[in-house]
Amino acid sequence: MSRLDVKTLDLSQAVVNELYKDFERRVVASPQGLCPVDMAGTFLRMSHAQTCGKCVPCRVGLGQLEELIEKVLDVNGNTTVETIDLIEETAEMIRDAADCAIGTEAANMVLRGVKGFREDYIEHIKNHKCSENVQKMKLPVPCVGMCPANVDVPGYVALIAEGRSADAVRVIRKDNPFPSACALICEHPCEARCRRTFVDSPIHIRGLKKFAIENAGSVPPPQGAEPTGKKIAIIGGGPSGLTTAYFLSLMGHSITVLEKREQLGGMLRYGIPSYRLPRERLQSDIDTILATGVEVKTGVEIGSGDYSIEKLRSEYDAVYVSIGAHSFNQLGIPGEDARGVIPAVEMLRGIGDSKMPDYAGKVVCVIGGGNVAMDVVRTAKRLGAKNASLVYRRRKEDMTALPEEIEGAIAEGCDLITLMAPDSIEVSESGDVRGLWVKPQLPGLSDASGRPRPVNAKAERVFIPCDLVLSAIGQAIDSESFAKYGIPVNRGNIVTMTSCGVKDLEGVFAGGDCVTGPSTVINAIMAGKVAAANIDSYLGFNHPITCDVEIPKPRNIDRPACGRAVLTERHASERIEDFDGIENPMSEEAALQEALRCLRCDCSGFGSFRGGREKQW
């Protein structure tokens with residue numbers, strides 16, 4: 001008998017490890033529409049299996065919680081609402097008395113669930129079924145359900161597999177008139193719950209959309225309905241306003257878009273650099289929208305004279321407000337009024353109008369950790385900055401920017417200075433920026449977002465010499481003129497109903513960033529789609545938006561585990577010299593392989609369409 005042995009992984013433990021990976025993949029691919037009570041019970045059983053069983057709260061208490069939740073789910077049981085109180089009391093006892101984090105966190109999870117979806121518990125107890133909210137959330141397939149605009153993802157992926165890129169674009173446009181823009185800059189929430197994750201990794205949905213756009217050629221918009229004689233004013237020519245204009249124009253209404261800037265596109269043009277969204281790609285989407293007959297007036301200032309809200313409301317049958325979030329938040333630190341402190345939105349707005357600043361030889365500090373901050377720091381390098389650093393008060397893993405944006409910035413030579421909070425800006429006697437003083441931070445207790453809240457460390461301030469400070473800490477909405485008209489505003493955001501209608505103001509609708517605050521392009525498009533449908537109904541119509549493209553049936557082939565296709569990029573040393581697109585095209589071979597990885601949940605499995613594909617809305 002040896003004193004010590006070299007540890008080796010036996011067969012049973014290897015299988016257990018693989019089962020854990022399978023379990024993790026199933027959790028990742030968990031779609032919307034699952035019963036939260038059932039999910040709570042499942043995770044509770046998992047936690048119970050991990051306890052050592054030494055302390056009574058874990059060994060006995062978690063078992064009792066399991067039994068109580070099973071009683072709630074029992075369709076033949078006689079459980080009363082008082083059971084929910086007992087679940088809470090038991091969970092609180094375990095949380096306060098358990099010896100380890102396994103028991104404490106399992107109890108916390110149950111408590112959060114009882115507070116967050118108590119009505120689901122009550123529905124199971126009283127009517128022995130899932131709540132109406134769960135039933136409504138049982139959307140066709142996970143990728144469609146995760147897309148705010150409900151684009152038919154499996155439909156256009158199947159068309160790409162058959163070499164029908166133009167038809168794929170037509171299917172996308174049924175719900176989203178910005179296929180080119182979204183193929184390049186969408187945050188692809190659809191991939192987050194792709195059930196291909198069960199097998200290996202999610203489908204590269206955005207990459208396939210990009211392939212379709214690059215290979216479809218010119219795809220004209222569908223024929224619109226007969227003119228209705230109704231006139232609608234769209235205030236704001238960004239993604240939300242243009243989406244509403246597109247669909248309402250197809251419905252036969254007369255649309256006028258009123259845009260403050262000289263060009264259309266909103267934050268797509270004035271907030272996203274052309275290396276991420278080439279202007280010709282954006283313009284192709286806009287041209288298709290305008291081809292439906294949309295009228296445009298640029299350089300229009302809303303709020304007085306011919307363009308007061310009152311006059312617009314009297315001249316048009318409905319008004320849709322989608323002004324976006326083009327203002328900026330103040331840093332709130334000494335020295336921010338110095339020459340050389342520039343808000344990110346102002347810098348990007350100028351570039352959107354092809355007014356390129358000269359940063360040659362400059363040392364630039366960018367404050368922020370989101371996608372806008374990444375756009376700004378990467379743009380600074382392209383404008384000739386000698387050094388471009390990003391200063392962020394949290395850790396790298398806490399940044400809200402997409403991981404690929406962070407890695408892209410690092411590859412292009414941008415420095416990340418994390419766990420440093422801006423404290424003041426040092427200003428020269430002539431009023432110019434000399435540098436940025438920052439305060440070291442420590443990751444503290446988690447906040448509501450789940451990220452550790454930064455707290456001041458017991459360390460001296462650090463000085464970062466720089467010539468320019470670019471602030472990318474958030475955007476704001478200029479809603480003052482709308483508030484004066486009587487449109488309700490809360491903390492700068494316009495308040496609407498879920499229909500995008502403004503309460504107590506008949507015929508006035510609003511959506512996009514001016515309602516939600518700064519958000520994603522696909523969320524703005526979703527708001528425009530919702531507004532279009534409800535404005536059409538408000539005007540007394542029910543025009544359907546359809547697509548007559550026939551979706552191919554699934555190929556009867558096996559789908560073994562297969563690597564996910566990747567979109568390569570131009571080399572960093574090459575791409576920082578210009579503002580051309582950074583992604584290389586996906587090859588036809590790679591696109592075919594990737595499209596055939598799709599499990600076609602629209603035709604089989606948990607996520608099959610109920611009653612067939614949603615062919616119109």
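This is a short tour of a predicted model, from the whole chain to its sheets, hairpins and hollow spaces.

**Stop 1: the whole chain**

Start with everything shown as a cartoon. The protein chain holds 24 helices and 18 strands. Its radius of gyration is 27 Å, close to the 25 Å that the globule rule gives for 617 residues, so the chain is as compact as a globular protein of that length. If you align the view with the principal axes, the C-alpha atoms fill a box of roughly 80 × 65 × 55 Å.

**Stop 2: the sheet with E1 to E4 and E18**

Now select 231-235, which is strand E1, and look at the strands around it. The open sheet here has five strands in the order E3-E2-E1-E4-E18, and their pairing is parallel. Colour 295-298 and 508-510 to mark its edges: these are E3 and E18, and each pairs on one side only. On average, neighbouring strands of this sheet are turned by 20° against each other, direction ignored.

Zoom in on residues 254-259, strand E2, which pairs with E3 in the parallel sense over four bridges. Pick Glu259 to find one of these contacts in the ladder: its bridge partner in E3 is Thr298. Then add residues 239-250, helix H13, which packs on the sheet and touches E1, E2 and strand E4 (318-321). The direction of H13 makes about 165° with that of E2.

**Stop 3: the sheet with E6 to E9 and E14**

Next, select 341-343 and 415-417, which are strands E6 and E9. They belong to another open sheet, in which five strands follow the order E6-E14-E7-E8-E9 with parallel pairing. E6 and E9 stand at the edges, each with a single partner strand, so one side of each is left without a neighbour in the sheet. Neighbouring strands of this sheet are turned by 25° against each other on average, direction ignored.

The partner to show beside E6 is E14, residues 468-471: the two pair in the parallel sense over three bridges. Click on Ile342 and look across to E14, where Leu470 stands opposite. Then bring in helix H17, residues 344-352, which lies across both E6 and E14 and runs at about 70° to E6.

**Stop 4: the antiparallel strands around E11**

Move on to residues 433-446, strand E11. Three pairings meet here, so to speak, and each is worth a look in turn.

- Add residues 420-427, strand E10: E10 and E11 pair in the antiparallel sense over seven bridges. Ser424 has Trp437 in E11 as its bridge partner. The two strands form a hairpin with five residues between them, and Gly431 in the turn has a positive phi of about 90°.
- Add residues 452-456, strand E12, which runs antiparallel to E11 and is joined to E11 by four bridges. Ser446 stands opposite Pro452 in E12. This hairpin has five residues between the strands, and Gly450 takes a positive phi near 90°.
- Add residues 462-465, strand E13, which pairs with E11 in the antiparallel sense over four bridges. Gly435 has Pro465 in E13 as its bridge partner.

**Stop 5: the largest cavity**

Switch to a surface with a clipping plane. Rolling a probe the size of a water molecule over the atoms shows where empty space is left. The structure holds five cavities of 30 Å³ or more, and the largest has a volume of about 150 Å³.

To centre on the largest cavity, select Cys143, Cys194, Arg195, Cys598 and Cys601, which lie nearest its centre among the 17 lining residues. Helices H8 (142-146) and H9 (153-161) each supply at least two residues of the lining, and H9 gives the most, with three. Colour the lining by class and you will find twelve nonpolar residues, no polar ones and five charged.

**Stop 6: the second largest pocket**

Finish at the second largest pocket, with a volume of about 490 Å³. It is lined by 24 residues, and Leu184, Arg206, Leu567, Glu569 and Glu583 are the closest to its centre. Show H11 (179-185), H12 (205-216), H15 (279-290) and H19 (403-411), since each supplies at least two lining residues. The largest share, three residues, comes from H12. By class, this lining has nine nonpolar, three polar and twelve charged residues.

Notes:
Residues numbered from 1 in each chain as written. Predicted model: local features only at pLDDT ≥ 70, side-chain atom pairs only at ≥ 80, totals over all residues. Heavy atoms only, no water. Pairing = 2+ DSSP bridges. Axes fitted to C-alpha atoms, helices over the stretch in contact; angles between N-to-C directions. Contact = heavy atoms within 4.5 Å. 1 Å grid on protein atoms, 1.4 Å probe; cavity = no way out; pocket = protein on both sides within 12 Å on 5 of 7 lines; lining within 4 Å. Points joined across faces, edges and corners; volume = space filled by probe spheres on them. Nonpolar A, V, L, I, M, F, W, Y, C, P; charged D, E, K, R; others polar. Rg over C-alpha atoms; globule rule 2.2 N^0.38 Å.
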